[in-house]
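Open the model in a viewer and keep the sequence panel visible. The stops below are given as selections to make, one after another.

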Amino acid sequence: SAASAKIMSFLKVIAQRTKIAIVCTIHQPSASVFEGFDDTLILSGGHIAYFGPAAQLAQHLKGVGRELPANANPAEYALDVVNADFTSKASVLEVLDAWPKHAPPVFLREPQQLGERGAVSGFVGQVLLLFKRHAVLTVREPMLYTARMVVIFAVTVFFCVVYLESRQLTQVQIMQKAFYVFWFVCVPVAFPVIAVYALNAEFVTVKKEVKDGMYGPMAYALANGLLQLPMMFAFGLCAMLPTYLILGWPWDTFLTTLALFSAHCWAFECIAQFFSLSANPLVGMLKYLNVWFISALFSGLVFRGRDVIWPLRLLYYCLPMKWFFGATAYSIMASSPPYEGTLACNSTGAGAVSYCPDEGFYCPSTEEDPFGLSCYGETGPQILDSLSKTYDAISSENTVLTDLIAILAIGVFFKVNYCVYLYASCTAGRMPNPPRQIKI
């Protein structure tokens with residue numbers, strides 16, 4: 001067929017460019033396919049009928065009294081000659097017996113000692129080669145990073161449009177901004193579940209290549225980790241740019257929030273890597289989603305961590321979202337412009353009130369909030385203090401560095417466990433058992 005002829009032409013080009021031998025097994029090749037072979041081996045009943053250049057097959061058949069008919073396909077005619085279904089067994093045996101007489105002489109070489117094994121690439125060389133290979137795979141396989149960048153950007157724009165009114169510096173919109181921060185924290189790190197499946201398929205290949213001695217498991221882990229870092233910052237830019245442009249977050253906090261977002265993505269990427277080593281990729285994906293959901297549940301917005309009993313309260317501190325949620329809330333609110341809708345308590349002057357909250361301010365009723373219930377403060381620290389009474393992940397104290405270290409520590413924990421399990425999986429093995437003695 002045309003497809004077979006194209007495949008043969010492709011294999012011939014590969015063999016010539018790479019200077020390697022390609023062995024093919026084929027039945028009833030067409031003339032165009034047969035012309036693609038350099039050498040041909042024809043067997044019948046386990047015996048050699050011909051072994052030599054494909055172009056000389058017709059000449060050999062003529063020499064054994066089986067001249068090729070005009071316009072006949074040499075391959076098909078040769079198979080007819082050596083197949084007892086198309087000719088007599090005596091004729092087939094005659095062709096097989098003729099081969100040793102017409103076969104070219106075989107020159108046996110003296111056995112030689114194998115030379116010393118060439119120098120194996122060092123650890124740095126392996127890392128550089130693997131980094132280059134994975135960079136190419138990242139371009140060719142968009143599921144790992146490129147597709148996630150597009151999805152993160154699209155989802156962020158969607159939530160920005162939904163919470164567009166949170167741009168307003170009013171008391172009613174403070175909680176809306178807090179809810180947007182929650183989605184900003186949770187949603188982008190749900191997508192590494194796709195990477196669990198892709199990394200599991202890659203792990204199968206890596207394990208085979210490591211066992212074949214092509215490179216070490218730690219070289220692979222380091223090369224993969226080096227490629228992850230710029231990708232995490234790229235994820236951050238895809239989420240941060242629409243947020244700052246559409247919702248008007250203060251640009252002086254951009255770099256801080258970018259560092260926090262990238263570290264948060266990296267921590268969940270390490271979690272995805274760890275679960276990608278599961279024997280079944282679907283089980284690994286379910287494990288990741290379970291961790292993601294629990295982390296979102298214990299992020300500090302759904303309920304207060306101090307209200308959870310021990311030892312479940314450990315989940316509040318051992319997962320990344322709580323730390324990222326608090327650090328992001330402080331980053332965007334601490335230096336925020338003043339919010340409208342609050343009045344300082346004044347028991348003697350105009351605007352006096354009969355009751356003054358401990359915070360020293362109150363919020364008069366408005367059309368949006370007739371009872372003045374949405375009252376968090378004018379300045380960033382006042383707002384953070386008010387929110388911290390309900391959400392203890394939020395604080396007016398600057399703990400951004402501590403939160404960043406906690407996020408990185410969680411990522412390092414899963415990365416170390418990933419490397420240990422990867423090394424054990426790639427190097428573990430045992431000698432095959434000797435064949436059992438069968439008593440007759």
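The tour goes from the whole chain to a hairpin, then to single residues.

**Whole chain**

Start with everything shown as a cartoon, and keep in mind that this is a predicted model. The protein chain holds 16 helices and four strands. Its radius of gyration is 36 Å, well over the 22 Å given by the globule rule for 440 residues, so the chain is more spread out than a compact globule. Rotate to the principal axes: along them the C-alpha trace spans about 125 × 55 × 45 Å.

Switch to a surface. About 25,600 Å² of the protein chain is exposed, and carbon and sulfur atoms supply 64% of that area. Of the 440 residues, 41% are buried. Colouring by charge brings up 29 positive and 30 negative charges, whose mean positions are 13 Å apart. If you draw contacts between residues at least 6 apart in sequence, 69% of them join residues at least 24 apart.

**The hairpin, E1 and E2**

Select residues 39-44, strand E1, together with residues 47-53, strand E2; the two run antiparallel and are joined by six bridges. They form a hairpin with two residues between them. Zoom in on the turn, where Gly45 has a positive phi of about 60°.

Now pick out paired positions. Thr40 stands opposite Gly52 in E2, and the bridge partner of Leu43 in E2 is Ile48.

Show the side chains of E1. Which of them point to the buried face? Thr40, Ile42 and Ser44 point to one face and are buried. Asp39, Leu41 and Leu43 point to the other face and are not buried.

**His60 and Arg66**

Next select His60, in helix H3, residues 57-63. His60 has a relative accessible area of 9% and is buried, because the cut-off is under 20%. Setting aside residues up to four places away in sequence, His60 touches Ala49, Tyr50, Trp99 and His102. Ala49 and Tyr50 fall in the range of E2, residues 47-53, so this stop can be viewed with the hairpin still displayed.

Move on to Arg66, in the loop between H3 and helix H4 (74-81). Is Arg66 buried or exposed? With 14% relative accessibility, Arg66 counts as buried. Show what surrounds Arg66: beyond neighbours within four places in sequence, the contacts are Leu61, Tyr77, Val81, Ser91, Glu94 and Val95. For a distance label, use Ala54, twelve residues from Arg66 along the chain; the two C-alpha atoms are separated by 16 Å.

**Phe179 and Thr243**

Select Phe179, in helix H8, residues 172-186. Phe179 is partly exposed, at 32% relative accessibility. Not counting residues up to four places away in sequence, Phe179 touches Tyr163 and Leu301. Draw a line from Phe179 to Phe293: they are 114 residues apart along the chain, and their C-alpha atoms are separated by 17 Å.

Then go to helix H10, residues 217-247, and select Thr243. Thr243 is buried, with a relative accessible area of 1%. Leaving aside neighbours within four places in sequence, Thr243 is in contact with Thr156, Cys160, Tyr180, Phe184, Gly248 and Trp249. One of these contacts, Phe184, is 59 residues from Thr243 along the chain, with 8.9 Å between the two C-alpha atoms.

**Ala195**

Select Ala195, in helix H9, residues 192-211. Ala195 counts as buried, at 0% relative accessibility. Apart from residues up to four places away in sequence, Ala195 touches Leu144, Arg148 and Glu269. Zoom out and label the distance to Phe86: Ala195 and Phe86 are 109 residues apart in sequence and 56 Å apart in space, C-alpha to C-alpha.

**The cis peptide bond**

Finish at Trp310 and Pro311. Is the peptide bond between Trp310 and Pro311 cis or trans? The bond from Trp310 to Pro311 is cis, with omega near 5°. Most peptide bonds are trans. To place the site in the fold, display the flanking helices: Pro311 is in the loop between helix H12 (281-297) and helix H13 (314-318).

Conventions:
Residues numbered from 1 in each chain as written. Predicted model: local features only at pLDDT ≥ 70, side-chain atom pairs only at ≥ 80, totals over all residues. Heavy atoms only, no water. Rg over C-alpha atoms; globule rule 2.2 N^0.38 Å. Buried < 20%, exposed > 50% of the residue type's maximum accessible area, 1.4 Å probe, protein only. Contact = heavy atoms within 4.5 Å. Areas by Shrake-Rupley, 256 points an atom, 1.4 Å probe, with all protein chains shown as cover. Lys, Arg positive; Asp, Glu negative; His and termini not counted. Charge placed at Lys NZ, Arg CZ, Asp CG, Glu CD. Pairing = 2+ DSSP bridges.
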